[in-house]
Amino acid sequence: MKVFTAYFLISLASFASAIAQSIPEKGVPLLESFTPVDYHHKGKVWDIDTAPNGLAYMAADEGLLEYDGKTWKYYVGSEGITRSVVVVNDSILYTGSDLDFGIWKKNRYSEFEYTSLYPFKEDLTNSSEEFWDVFIVNESPFFISEKNIYIYKNQNLTKVPAPGRILESFRFGKEIYLVEETEGLLRLEDLSPKKIFDLNSTNDVGIVGMYENREEKVFVSQNSGLLAFENGQLTAIENEISQELRAANVFSFERIGESYLAFGTILNGLYITDYEGNLLHHINKSKGLQNNTILSMHYSSNGKLWLGMDYGLSYVDLSNNYTVIYDNRGNFGTAYSAVLKGDTFYLGTNQGLYKARWEELNNSNEFYDFELIEGTEGQVWSLNEINDEIWISHDRGLFTIRNDQIARVSERRGFWMVEPYENYLLAGTYNGISIFEKSGNQWNYLRQMELIAGSCNQLFIDDQDYLWVNIPNFGVIRAHIDDSLYPENREIFESEQFVGSDHYIEKNKDGIFVITDQYRYEYNVNENRFTESPRQEENTRIKDLLLRNGRSSYLNDQYEFFPVYNGFALRDLNMSSGSEEPDSSLKLIFRDAWAFNNDERKQTYEGSEISYRFNNLRLEAIAPNQENVLYQFWSDKSGSWTEPSPNNTFEIIGLSYGNHIVKSRAIIEGNFTSEATFSFDVMPPWYRTWYAYAGYALLLVALFYLLYLWLTISLDKQKKHLLTDQRKSLKKQQQRFQEQLKRVEQEKLRAEYKNLKSEFKTKTIELATKAKENDEKNRILKSLKKKLEKIDENPKSFKRRYGEIKQIIESHIGTEDNTFEIQIDQLHQEFFEKLREDFPDLTRYDLRLCAYIKIGFDSKEISDLLNIKPSSVYISRSRVRKKLNIKSDEDLHGYLNSI
């Protein structure tokens, strides 16, 4: 804390000193005024202080006021009038009031909450302490009333009774001084008042402050001006400012850095001087203040001198290089143009041409004295100094002035401006351009320029002898001027191509530009066209004051002139507006934060947890009490910085749940402030919260348990079903096995049957054949035996018997043997009987054929057995089919086997 405080004080002193060294002297520094309506009718402001972040705090009748440069806030603390305020840091301050004093601390919403430190509220029957001053010394607050001094340290309160009645108190350096009614000036040393000098003889002095000049202590009194302490007594300082202060009655005093002093008076407003007593500024009601009684003053680190008045509140911007001279007394009207010639300042206004001594424009004067030059009454549009003459472009004509002598050059009405070109003078008029030619010492009207008409309120000639003319509501004309002043190669840039209103031409070292209230267009020579870029205003406060269509002009190397409503402004070119280098004390803070949805909103704070219902955020950032500020915002949702804009609010719509960061920075006079960060958490929707997940987990466990039970029951059922199915399956398998075994056995039996049948067939044939052969052989052998026996009986009969034997052999060879057929008939007797019964038309040959087919003989085998051709067998089969009534597609073999 000590390191920060020391650093801040050093930065504040160095910055304030740098600004104070360059306070402009001409005109009134820019004033910003607030009426009680602006700050919520909270009464008079008795004390002012500013925080390191730039916020200004005021002790007012009805509480504590806070101002950030755009918005006023107020806080209610004690019941009595708040008399004093002192800021410790951005989050802590102390106030003193009637019958109370206390501490203010910011809550998480960056709003102050009050805690009283005064322990005697219940014992105020005969006491009425008012705490007009609060000072911080060695990080401890001192609360001072008329009767007592209270020191709050380490959360303990120490009371130091005053030796008498304290009339005034002030701080110088790290010391507190008291003006006591009977003892004089006291200094608080080790919590004990020590007398410095006596004021018994000058009780009406009323010392309000002090400063050192060349190691000499100078005291500021209420009624006696400036006093020096020499040889143990006070001595009045006799200089101009001391006399002014005696008459004006000083009520408040403030040091401005290390070089200047500010005196707030009761009767005549504000005086600003250097330490030597030279008056630089005297600002009162006639120069723009709302009231001449200055009750309180405070000089802030950004160069603003705050003034709490008997009516209203103002600040004087001493860091700004613009000053203003208003015509509050109706001395000269609305200014349009000016020329500084020597020590004479010429001012062209809507009332005529005025002049004043340049030195009389110093703000130390009570009033600004302007003198109307006779014969120039009326509207003066512009002033130009050409060849030691001042040219007056007037509504009533064209004039020149030399040595305060007016001469009319043209009686034609309506001249906007003049531009010299070689031996000619080009004058822009209400209708076209008039050309004047110099003859001797006289200027004579020559003619009107061709091809250019309309109200030419601007014209100039560039380095390439091109004439540029601005015609409102029409556009810009560019034309080359030949030797006869004829505008050849004329080009027209119509006003429709310039976005914005009130366009005008500006020529400088960087080129030629057309300026509107929104854009700045630069002329490209190579492409012969204008390209646009957003217009950057250097000073928005001057922009707000500037006269419509008013344009600046340079008086000399140090001052630039600006026409403003009800007066004019000056810019000191030798004084920078603000610091040249980035100021580390410039800060950006988040002022307010609101989470909202379509129906409602909720205030939030940095590091907060925002309900998912309010997943839209609106942030307000501000560089407190800074001028000409552009803001940029960055969010983790977009991942990029916004374009610089004067708008200091930022909205993010549709935030996802989780941690989010928003950053903001400000651009002041081209310098970036440090980044301010606002982090917060958007809570997940209820269905994604930890308790929802816990519910999901419990539900999942329950589901798993139920699933387990269901699976267990199902498994038991499945086991039973499986056992049953297994039994059934085994039974079916057994049945299938038995059936399969049966089929195998049947197949085996069929195969065996087939084999047996084949063997039977074969054996039958063999048997039949064998039997036939045996029978035939036996018969032949028997026959031959008989014949041989007869031969044996009668050898003489051999020849005859031989013939008989031969005949037997030949007869048996040619005789048909029916043995096989007979055997077949015997084997299939039942079969033949069934066929004869069912089909009586069958012949013996048909029956034998059916027996062969039933046995399985094919046509070839049957033909061999019957000793016929195979074709005859086919015919016989067909005949049998018809007799058996069997269709041609039916199997004859199968049919016969079924019988």
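Two strands pair if DSSP finds at least two bridges between them. In this predicted model, strand β23 (residues 260–265) clears that bar with β24, to which 5 bridges join it, the two running antiparallel. One of the contacts in this ladder puts A262 opposite I272, its bridge partner in β24. The hairpin of β23 and β24 leaves 4 residues between the strands, and G269 there takes a positive phi near 75°.

On its other side in the chain, β24 goes on to pair with strand β25 (residues 279–283), again in the antiparallel sense, this time over 4 bridges. Here Y271 has H282 of β25 as its bridge partner. These two strands also make a hairpin, with 4 residues between them, and G277 in the turn has a positive phi of about 95°.

So how covered is β24 (residues 270–274) itself? Mostly: 5 of its 5 residues are buried. In a regular strand the side chains alternate between the two faces of the sheet. In β24, L270, I272 and D274 point one way while Y271 and T273 point the other way, and all are buried.

Further along the chain, the picture turns helical. The axes of helix α8 (residues 844–855) and helix α10 (residues 870–884) come within 10 Å and cross at roughly 100°. That angle makes α8 roughly perpendicular to α10, because crossings of 65 to 115 degrees fall in that class. On the α8 side, the residues that meet α10 are Y845, D846, L849, C850 and I853; their counterparts in α10 are S876, R877, R879, V880 and K883. By type, the residues of this contact split into 5 nonpolar, 1 polar and 4 charged.

Within that crossing, D846 is worth a closer look. This α8 residue counts as buried because its relative accessibility is 0%, with under 20% as the cut-off. Its side chain is joined to that of R879 by a polar contact of 3.4 Å. Setting aside neighbours within four places in sequence, D846 is in contact with D841, R879, V880 and K883.

A last stop is G511, which sits in strand β47 (residues 511–515). What degree of exposure does G511 have? At 23% relative accessibility, G511 counts as partly exposed, since that class lies between the 20% and 50% limits. The C-alpha atoms of G511 and D462 are separated by 9.6 Å, with the two residues 49 apart along the chain.

How values were computed: Residues numbered from 1 in each chain as written. Predicted model: local features only at pLDDT ≥ 70, side-chain atom pairs only at ≥ 80, totals over all residues. Heavy atoms only, no water. Buried < 20%, exposed > 50% of the residue type's maximum accessible area, 1.4 Å probe, protein only. Axes fitted to C-alpha atoms, helices over the stretch in contact; angles between N-to-C directions. Parallel < 35°, antiparallel > 145°, perpendicular 65-115°, else oblique. Contact = heavy atoms within 4.5 Å. Nonpolar A, V, L, I, M, F, W, Y, C, P; charged D, E, K, R; others polar. Polar contact = N/O pair within 3.5 Å; in protein donor to acceptor, adjacent residues only side chain to side chain.
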